[in-house]
Amino acid sequence: AHRPYVLTIHDLQFRTYPEYFTRVKRAYLGALIPRSVRRAAVVTVPSEYVRSSVVEAYGADPERVMVVPHGIEPTLAGMVTPEAELRHKYGIGDGPVFVYPAVTHPHKNHGFLLDLMAQRWTDPDLRLVLTGGTGLGDAPVAACADPRVLRLGRVPEADRNGLLAMAAAMVFPSRYEGFGAPLIEAMTLGAPVVCADTTCMPQIVGDAGVVLPLAPDAWADVPAVVQARRAELVAAGTARAREFTSAASGAALSAAYARALGMS
């Protein structure tokens, strides 16, 4: 007998940016996902953006596609390397710090920030700190010679949290996210969030961050904006992060399984 199952789809990036995937991977996902969606009792997704994408792409019954957001624990703020230690350890200096925690995948759009540093964000004391591993979009970062751009690669979790906690802002110019967990992590740690207005990010951030189109002119004044609005953004981010706990995620997942059983 066929037993009902719950299918989780994190994103449909392969449809939006097929050029970031190999031909084999595109063919595999293009064949597997539609069949799996048709057979699943319920499909869970991390955001309303992905939900609407699944419904539109595969004609799924909207009642069978449910949002189960990621859960970020507030205890994250308890694992933080002190700011002074981080500035010394990584040679960051005494000025303001923008942090981007992301593997250099093409959709993460690191080159956008590098261009801003070269052309718009000219404060000699500003540092752009990049954490995360190496991806297929690494070339612009590897070629960057700006001493104000610090590429740290993979760092211990407490250091990553500490960098966000001390940041003047977490800047997140990604072209595609299914959820964007670093957005909520940054808010949990007290960092103002500046992100692109693409895919799910306006829904996840809401009014708790600065959401901008991916145009250099729109981001030119970010250093001044986050300095002037810091207290407001930190307070709004802290409140927003409380909506994305593991308990809330678990409750949404439980509801998805209950619906799946009810549809069997």
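A contact here means heavy atoms within 4.5 Å.

**Figure 1. Overall fold of the chain in the predicted model.** The chain holds 13 helices and nine strands. Its radius of gyration is 20 Å, close to the 18 Å given by the globule rule for 264 residues, so the chain is as compact as a globular protein of that length. The C-alpha trace spans about 65 × 40 × 30 Å along its principal axes. Among contacts with a separation of 6 or more, 69% are made by residues 24 or more positions apart.

**Figure 2. Surface and charge of the chain.** About 12,300 Å² of the chain is exposed, and carbon and sulfur atoms supply 54% of that area. Of the 264 residues, 50% count as buried. There are 25 positive and 25 negative side chains. The centres of these two sets lie 10 Å apart.

**Figure 3. Ser-174 in the loop between β7 and α8.** Strand β7 covers residues 169-172 and helix α8 covers residues 181-188, with Ser-174 in the loop that lies between them. The relative accessibility of Ser-174 is 0%. Buried means under 20%, so Ser-174 falls in that class.

**Figure 4. Polar contacts of the Ser-174 side chain.** The side chain of Ser-174 is joined to the side chain of Glu-177 by a polar contact of 2.7 Å. A polar atom of the Ser-174 side chain also lies 3.0 Å from the backbone oxygen of Tyr-176.

**Figure 5. Residues touching Ser-174 from elsewhere in the sequence.** Residues up to four places away in sequence are left out of this view. With that restriction, Ser-174 touches Tyr-100, His-107 and Lys-108, together with Ala-196, Thr-198, Met-201 and Leu-214. Of these, Tyr-100 belongs to β4 (97-101).

**Figure 6. Asn-109 in the loop between β4 and α5.** Asn-109 is found in the loop that runs between strand β4 (97-101) and helix α5 (110-119). Its relative accessibility is 9%, so Asn-109 counts as buried. The side chain of Asn-109 reaches the backbone oxygen of Pro-173 at 3.0 Å. Not counting residues up to four places away in sequence, Asn-109 touches Pro-173, Arg-175 and Leu-214. Leu-214 is also among the residues that Ser-174 touches.

How values were computed:
Residues numbered from 1 in each chain as written. Predicted model: local features only at pLDDT ≥ 70, side-chain atom pairs only at ≥ 80, totals over all residues. Heavy atoms only, no water. Helix = DSSP H or I, 4+ residues; strand = E, 2+ residues; numbered from the N terminus. Buried < 20%, exposed > 50% of the residue type's maximum accessible area, 1.4 Å probe, protein only. Polar contact = N/O pair within 3.5 Å; in protein donor to acceptor, adjacent residues only side chain to side chain. Rg over C-alpha atoms; globule rule 2.2 N^0.38 Å. Areas by Shrake-Rupley, 256 points an atom, 1.4 Å probe, with all protein chains shown as cover. Lys, Arg positive; Asp, Glu negative; His and termini not counted. Charge placed at Lys NZ, Arg CZ, Asp CG, Glu CD.
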